[in-house]
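Please work through the following exercises with the sequence and the 3D structure at hand. Try each task before you read its solution.

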Amino acid sequence: MIIADPRLIYADPRDLDTLRNALKDNDPEGKLCPILMDQIYIQKKAIELLPEIISEHTRGKKILMVSDMTPYFRGKDSLKEQIYYLLSQNFDVLWLTLDNHDHVLHAVDEESTRIQEVIRTHQADCVLGIGGGTITDLCKDASHAVDDSIPLIIVQTALSVNAFSDGISIMLKNGVKCSLPTRYPSVLVIDLDVIEQAPMERNLAGYGDVLATWTAPVDWYLSYKLGMNNTYNDPSCDILRTQNSELLEQSARLAAKDQETFELLAKVLTLSGLAMGIAGESSPSSGTEHIITHLLDMAADKQHRDVAFHGAQVSIGTIFTAIAWDILLNEFDPTSVDLEKCFPTEKKMKPMVYESFEWIKKETADECWKGYQKKLENWKSNKENFKKFLRNWDIIKTEIQNVVVSPQHLCEQMRAAGAPTHYSQMTPSIDEKTARWALRNCHLYRNRFTLSDLLFYIGWWNDDFIERLIQRASELDAGL
Ligand SMILES: [Zn+2]
């Protein structure tokens, strides 16, 4: 058995030099992408360091501060106003507040273009984004579009998602969520005093987002074993599992707002972003559970309702995915597979993709089919790998059993954290029909191969199987 490098399994995102050295020593094939960040701060009173941080990274005095309308506090006062006044003493600060008409900011090109225009007109020497995942994705996209050499500093206002420490922006295009390579923030600042005051449901959403650690890297490994990706790497998983396991066991302390648990959550969320960054794609932190979530978001847009917290939705998707893994690991018999039935034709799949997504928008279905077509082609070219996978199932099964958690334990810990376990508990809640649609059709969404694809190709992922997932979840007081 290979013992993982302690510098990886106990990686501290605040010490990027040690992490970089460990990654270098554990990357014999030279597969990993560099972490293009200067520094990550996770500490109390971090806000007070901002003038110094900005001076260190910026030559000029012109700062563009970008935020949305969500109020955040540090002590009794508004966080954003405190930062504005703190920086105005030394810098020329222009403050851009983004909002849209129904009060939900989306990461769309239109908003990014607005930021780009202001970066240019203000001739900003530095962009400072204050907020959550959407503000961060927009600031990454906009500053990348203008000039990557402009320092981007992000003040994370809640432990809501893992989008802060990677070089990807999740943007909404034609109603479809796309992961685009953009840029890393130069500096990430997490002030634990601010986090402590953030609404608990936001911090719990981040806890929900990293629960994907129990399904996404497994999907990624499965896909690799089937020849469906060549990006899989162990270090991306090593930096996630051990500390996430500690976090999962501390779930009850999160509910009690324990300081050290907040700090651990901040660390693992940041590591989850870094894991995606070094893999060069979102697979280490995004598998079936995220695809289900993306479908729910697409439906929300069409149904003109707000989207529930990303991480909260992800955690329910994780429960369903963990159940699906549990069923596969317990019941799959490779000798029962009829190989010829596992490789459907384009003629069969295309109408299925259009039927699933055309009600949202013709362009959405086009976009999904474009990605799905590639996946199907890739799948067909990996028939030999699939045969090998079936022959080696017992070994692969044991490897996977070591890195998944039981759905029961997952649900128990989520309840201990005070996190929702049902889609109906989301704000706004997700109705059963939409949830069933997302579960049933998630595998048809674009190019990424996940567990849901394997289960579809072996003939399992159908209406009956979805009902079984729902039933099993309901026995755990979870799911719809
Ligand atoms: Zn996520």
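Donors are N, O and S atoms within 2.8 Å of the metal, and because water is not among the atoms, sites may look incomplete. Keep in mind throughout that this is a predicted model.

**Exercise 1. The metal site**

Task: Find which residues coordinate the zinc ion, and describe how these donor residues are spaced in sequence.

Solution: Begin at the ion itself, where D209 contributes its OD atom while H290 and H310 each contribute NE2, at 2.1 to 2.2 Å. Next, read the donor residues along the chain, which gives the pattern D-x80-H-x19-H. Then place two of the donors in their helices: D209 belongs to α8 (residues 200-210) and H310 to α14 (residues 310-331), so this pair ties together parts that are 101 residues apart in sequence. Finally, consider the surroundings of D209, whose relative accessible area is 1%; it is therefore buried, since buried means under 20%.

**Exercise 2. The helices that carry two of the donors**

Task: Determine at what angle α8 and α14 cross, and which residues make the contact.

Solution: The axes of α8 and α14 cross at roughly 40° and come within 7 Å. An angle between 35 and 65 degrees is neither roughly parallel nor roughly perpendicular, and α8 is therefore oblique to α14. As for handedness, α8 passes α14 in a left-handed crossing. The contact is formed by A205, G208 and D209 on the side of α8, and by H310, G311, A312, V314 and S315 on the side of α14. Sorted by class, these residues comprise three nonpolar, four polar and one charged.

**Exercise 3. A second helix pair**

Task: Describe how α13 packs with α20, and say how the residues of the contact divide by class.

Solution: Helix α13 (residues 288-302) and helix α20 (residues 432-441) pack at about 135°, and their axes are 9 Å apart. This angle makes α13 oblique to α20, and their crossing is right-handed. From α13 the contact involves I292, L295, L296 and A299, whereas α20 supplies T434, A435, W437, A438, L439 and N441. The class division for this contact is eight nonpolar, two polar and no charged residues.

**Exercise 4. Two residues and their surroundings**

Task: Decide whether S285 is buried or exposed, and whether I319 is buried or exposed; then list what each residue touches.

Solution: S285 sits in the loop between α12 (259-279) and α13, and with 4% relative accessibility it counts as buried. When neighbours within four places in sequence are left aside, S285 is in contact with N162, A212, A216, L240, S272, M276 and H290. The last of these, H290, is also one of the residues that coordinate the zinc ion. I319, in turn, lies in helix α14, and its relative accessibility of 0% counts as buried. Not counting residues up to four places away in sequence, I319 touches L410, C411, M414, T421 and A478. The C-alpha atoms of I319 and Q408 are separated by 8.8 Å, although these residues are 89 residues apart along the chain.

**Exercise 5. Backbone details**

Task: Locate the cis peptide bond, and state where H304, with its positive phi, is found.

Solution: The cis peptide bond joins T427 and P428, with omega about -10°, and P428 lies in the loop between α19 (407-417) and α20. H304 is not a glycine, yet its phi is positive at about 55°; this residue is in the loop between α13 and α14 and is exposed, with a relative accessible area of 75%.

Methods:
Residues are numbered from 1 along each chain as its sequence is written. This is a predicted model: local features need pLDDT of at least 70, side-chain atom pairs count only at pLDDT 80 or more; totals for chains, interfaces and linings use all residues. Side-chain values use heavy atoms; hydrogens and water are left out. Donors are N, O and S atoms within 2.8 Å of the metal (3.2 Å for Na, K and Ca); water is not among the atoms, so sites may look incomplete. Helices (H or I, at least four residues) and strands (E, at least two) are DSSP runs, numbered from the N terminus. Buried means under 20% relative accessible area, exposed over 50%, partly exposed in between (1.4 Å probe, protein chains only). Axes are lines fitted to C-alpha atoms, for helices over the stretch in contact, and angles run from 0 to 180 degrees between N-to-C directions. Angles under 35 degrees count as roughly parallel, over 145 as roughly antiparallel, 65 to 115 as roughly perpendicular and the rest as oblique. A crossing is left-handed if the near helix is turned anticlockwise from the far one by less than a right angle, and right-handed if clockwise. Contact means heavy atoms within 4.5 Å. Ala, Val, Leu, Ile, Met, Phe, Trp, Tyr, Cys and Pro count as nonpolar, Asp, Glu, Lys and Arg as charged, and the others, Gly among them, as polar.
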